[in-house]
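Me: I am new to this structure and would like a close look at a single part of it. Please choose one helix and describe what surrounds it.

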Amino acid sequence: MTALARNQWYIAAYGREVGRELLGRTVLGEPILLYRTEAGQPVALSERCVHRRFPLSQAPSRLDGDRVVCGYHGFAYGTDGGCLFVPGQQRIPRTARLKSYPVVEQDSFVWVWIGDGEPGAALPPRAPWMDSPGYTVVSGMEPIDGNYGLLVDNLMDLSHETYLHGGYIGTPEVAQTPIATEVDDNAGIVYVSRHMDDAQCPPFYAKSTGIKGRISRWQDIEYHAPCLYLLHSRIAPVDAPGPNPDGSDPHAFHVEVVYGITPATEKTTYDFWAVARDFALDDQNVTEFLRGNNHTVVMQDVVALNVLQTALDTEPAGYQELSINIDTGGLAARRTLARLAQQGATPQAQPAAR
C-alpha cells in the first residue's frame with residue numbers, strides 16, 4: 001500500500017465541474033466542499049458543518065450569495081470558512097469555523113493544497129496543453145476502488161499496453177522495446193522514455209491521424225509526484241524526418257496524455273484523464289473517436305486495478321512480488337512517493353514561544 005503524501009497540491013476537480021452548485025470531493029480522506037463565488041473564484045472548504053457534521057454538498061444545503069448555508073440547521077459560512085450565522089443565538093462560538101484550503105486554478109484543473117500549513121512558494125506542476133489554443137482536448141474522470149499507487153505503477157510501466165489494451169493503443173513493440181529512466185530527486189520528477197523506430201500503428205493513432213503504414217512512436221513520460229503524470233507521445237510515418245534543432249517537428253503528430261492521480265482515501269482514487277492533440281483540431285469525428293477510444297482504455301485500467309486491489313487485500317502476509325527491468329520507472333516513483341509521504345508526516349516547524 002503506497003502511503004499518502006501530505007503537504008502537496010492535488011487535483012480536486014476540473015474547472016468546469018466547479019460552479020454555483022455545491023460539489024463534494026474527498027482528498028486524502030478529507031471531505032472538501034467546492035464552489036465558485038459570484039465573481040467566479042473557486043473556493044474549497046471542509047465539507048462538514050461544525051454543528052452536527054452534515055455534509056454541506058448535500059441538499060438542501062445551498063449557496064446564499066457567496067455564503068454556504070447548511071441544509072440541516074442553517075449554520076452559514078463565508079468563503080474563508082468563518083461562521084456568519086448560528087440559529088437561535090447571537091453569539092457565534094469561536095470554534096465555529098470550517099477549514100479553508102488554498103486553491104489554484106490552472107490548466108483546466110482546480111488544485112487544492114492538502115497540508116498542515118500554507119504552501120508558501122510551492123505551486124502545482126503544469127499541463128499547459130489542457131487549455132492551449134494549439135490543442136484540442138478530450139477528458140474525463142473515473143473513480144478507482146484501489147490505492148493510488150496502483151495507478152502510478154500502471155502508468156509508469158506502459159508495457160501493459162500490449163496486453164491489457166491490445167487492439168486500442170497496444171502493439172507488440174511496446175512490450176519489446178527497452179526503456180530509459182532518469183530521476184530528478186530535487187524536483188520529485190521521474191522520466192521514462194521508450195522510442196520505437198519501426199512499429200505497428202495501433203487503431204488509436206491510425207484512425208485519428210490517417211497514417212496507413214508503420215510508424216516511429218515515442219513515449220516520453222514525465223511523472224511529477226505525487227499527482228500529475230504527463231505522457232508526451234510522438235507519432236510519425238516511419239521514414240519521416242525527426243524534430244528540427246529548434247524543437248519544431250512538422251512531420252509528426254503529437255498527443256499529450258495527462259493524468260491527475262488524486263488519492264481520495266487509502267483505497268480509492270480519482271483518475272482524471274485527458275488527451276490533447278495538435279492535429280485535426282476542428283475535426284469533431286476525430287474528437288469523438290478519441291474520446292470514446294480513450295475512455296475504453298481508461299475503463300480497462302479501472303477494471304484491472306479494482307481487481308488488483310481485491311487480490312492484494314486477500315493475499316497472505318509476506319508475499320514477495322517480482323520486479324524486472326520494465327519496472328525501473330515504477331520503482332523510482334515508489335521511492336519518490338515514500339520520501340514525500342515521510343516528509344509530509346514530519347511535524348511542521350512551529351515558531352518559538354515568546
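Reply: **Helix H6 and its surroundings**

The chain has six helices and 17 strands; helices (H or I, at least four residues) and strands (E, at least two) are DSSP runs, numbered from the N terminus. This is a predicted model, in which local features need pLDDT of at least 70, side-chain atom pairs count only at pLDDT 80 or more, and totals for chains, interfaces and linings use all residues. Residues are numbered from 1 along each chain as its sequence is written, and side-chain values use heavy atoms, with hydrogens and water left out.

The part chosen is helix H6, residues 328-345. At 1.5 Å a residue its 18 residues should span 26 Å, and the end C-alpha atoms are 26 Å apart, which agrees. The expected span is 1.5 Å times one less than the number of residues.

Gly329, Gly330, Ala332, Ala333, Thr336, Leu337, Leu340, Ala341 and Gly344 are the buried residues of H6. Buried means under 20% relative accessible area (1.4 Å probe, protein chains only). An α-helix has 3.6 residues a turn, so residues three or four places apart point the same way.

What do the buried residues of H6 pack against? They pack against helix H1 (148-156) and the strands E1 (8-14), E12 (180-184), E13 (189-199) and E14 (215-224).

Three of these strands are linked by pairing, which requires that DSSP finds at least two bridges between two strands. E12 and E13 pair in the antiparallel sense over five bridges, with Val183 opposite Val190 in E13. The two strands form a hairpin with four residues between them, and Gly188 in the turn has a positive phi of about 70°. E13 also pairs with E14, again antiparallel, over nine bridges; there Arg194 has Gln219 in E14 as its bridge partner.

Tyr223 ties several of these pieces together: leaving aside residues up to four places away in sequence, Tyr223 touches Ala333 and Leu337, and also Val152, Met156, Gly188, Ile189, Val190, Leu228, Tyr229 and Ile261. Contact here means heavy atoms within 4.5 Å.

Tyr223 is also among the residues with the most contacts inside the largest nonpolar core, which has 78 residues; the others are Leu34, Met156, Tyr229, Val258 and Ile261. Such a core is a set of buried Ala, Val, Leu, Ile, Met, Phe, Trp, Tyr and Cys residues joined through side-chain atoms within 4.5 Å. A second, separate core of 17 residues includes Leu22, Tyr77, Cys83 and Ala96.

For the chain as a whole, buried residues make up 49% of the 354 residues.

Terms used. Buried means under 20% relative accessible area, exposed over 50%, partly exposed in between (1.4 Å probe, protein chains only).
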